[in-house]
Amino acid sequence: IMKMSKHFQKEYKRLYLELAALCENEEGAGDAFSFARSKEILAAIELQHEISESLSGADAIDEDGECEYKSTINPSIKGSYTGISVQDTWEEQEEYLREEKIGKYENHYIQRFEGSKGIVEIWKLSGQDVLTILLPKLKKKFETVKNLKDPRLAADVTKKDIVKYGIQIR
């Protein structure tokens, strides 16, 4: 347990409220502390993208349109695609993945954060390449996930996948 000094407490609270006000009021970027929103905002700044106004759907807008961000704090880069709604049939599932969830974004950016150093690497993959990587993984899990308490799909774009299909930006 860490005992926080009065200075730390006061300064942390001030910075927290200042950052919250900056994101919500001045820029319309929403709640900076909601899930990975602060990482999305930092990535958009680093990549010179526009941040999405909504916390659902696209994370940002790049030169090609809406794009998807994934981030990790793991020592090895990866992109986790989680909480994917399950459709009734694999055909419907694949269409959903292609048209609404993954393939609708031309570009996917995967960032690795290292503690307080911030972003230490960024990779860019096409939506088509992400589908090529994830469709077989998700298809394997499709039938079994329906019987789970939380029937949602998830799969990772691994470092091996990223290096094979991606372009390192940083």
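User: Why is Q48 called exposed?

Analyst: Its relative accessible area is 74%. Exposed means over 50%, buried under 20% and partly exposed in between, with a 1.4 Å probe and protein chains only, so Q48 counts as exposed. Q48 sits in the loop between α2 (37–47) and β1. Phi of Q48 is near 60°, a positive value in a residue other than glycine. Most residues other than glycine have a negative phi.

User: Good start! What kind of model is this, and which pLDDT limits apply?

Analyst: This is a predicted model, in which local features need pLDDT of at least 70 and side-chain atom pairs count only at pLDDT 80 or more, while totals for chains, interfaces and linings use all residues. Residues are numbered from 1 along each chain as its sequence is written, and side-chain values use heavy atoms, leaving out hydrogens and water.

User: How many helices and strands are there in the protein chain, and what makes a run count as one?

Analyst: The protein chain has five helices and eight strands. Both are DSSP runs numbered from the N terminus: H or I of at least four residues for a helix, E of at least two for a strand. Along the sequence their pattern is α-α-β-β-β-β-α-β-β-α-β-α-β. Buried residues make up 35% of the 170 residues.

User: Why is S52 called buried?

Analyst: The relative accessible area of S52 is 10%, so S52 meets the buried criterion. S52 lies in the loop between β1 (50–51) and β2 (60–62).

User: What makes the pair formed by S52 and A58 a polar contact?

Analyst: The backbone oxygen of A58 is 3.1 Å from a polar atom of the S52 side chain. A polar contact is a pair of N or O atoms within 3.5 Å; within protein, one must be able to donate a hydrogen and the other to accept it, and residues adjacent in sequence count only if both atoms are side-chain atoms. At 3.1 Å, the pair falls within the distance limit. Contact in general asks for heavy atoms within 4.5 Å. Leaving aside neighbours within four places in sequence, S52 is in contact with R37, A58, D59 and A60.

User: Is E40 buried or exposed, and how do you know?

Analyst: E40 is buried, because its relative accessible area is 16%. E40 is found in helix α2 and touches I51, D59 and Y69, not counting residues up to four places away in sequence.

User: What about D150: why is it called partly exposed?

Analyst: D150 has a relative accessible area of 42%, so D150 lands between the buried and exposed limits. D150 belongs to the loop between α4 and β7. D150 and S85 are 65 residues apart in sequence, yet 10.0 Å apart in space, C-alpha to C-alpha.

User: How do you know that α4 is not a straight helix?

Analyst: Helix α4 (residues 127–145) spans only 24 Å between its end C-alpha atoms, whereas a straight helix of 19 residues would span 27 Å. The expected span is 1.5 Å times one less than the number of residues. In addition, α4 bends by about 35° at L134, and a proline, P136, follows within four residues. The bend is the angle between axes fitted to the seven residues ending at a residue and the seven starting there.

User: What makes a group of residues a nonpolar core, and which core is the largest?

Analyst: A nonpolar core is a set of buried Ala, Val, Leu, Ile, Met, Phe, Trp, Tyr and Cys residues joined through side-chain atoms within 4.5 Å. The largest has 22 residues, and L97, L125, L134, L138 and V157 have the most contacts inside it. β4, α3, β6, α4 and β7 each supply at least two residues of this core, and α4 gives the most, with eight. Apart from it lies another core, of 10 residues, including A43, A44, Y69 and F113.

User: How do you know that C23 and C67 do not form a disulfide?

Analyst: The sulfur of C23 is 17 Å from the closest cysteine sulfur, in C67, too far for a bond. A disulfide is a pair of cysteine sulfur atoms within 2.5 Å, so 17 Å rules this pair out. The whole structure has zero disulfides. Both cysteines count as buried, C23 at 6% relative accessibility and C67 at 0%.
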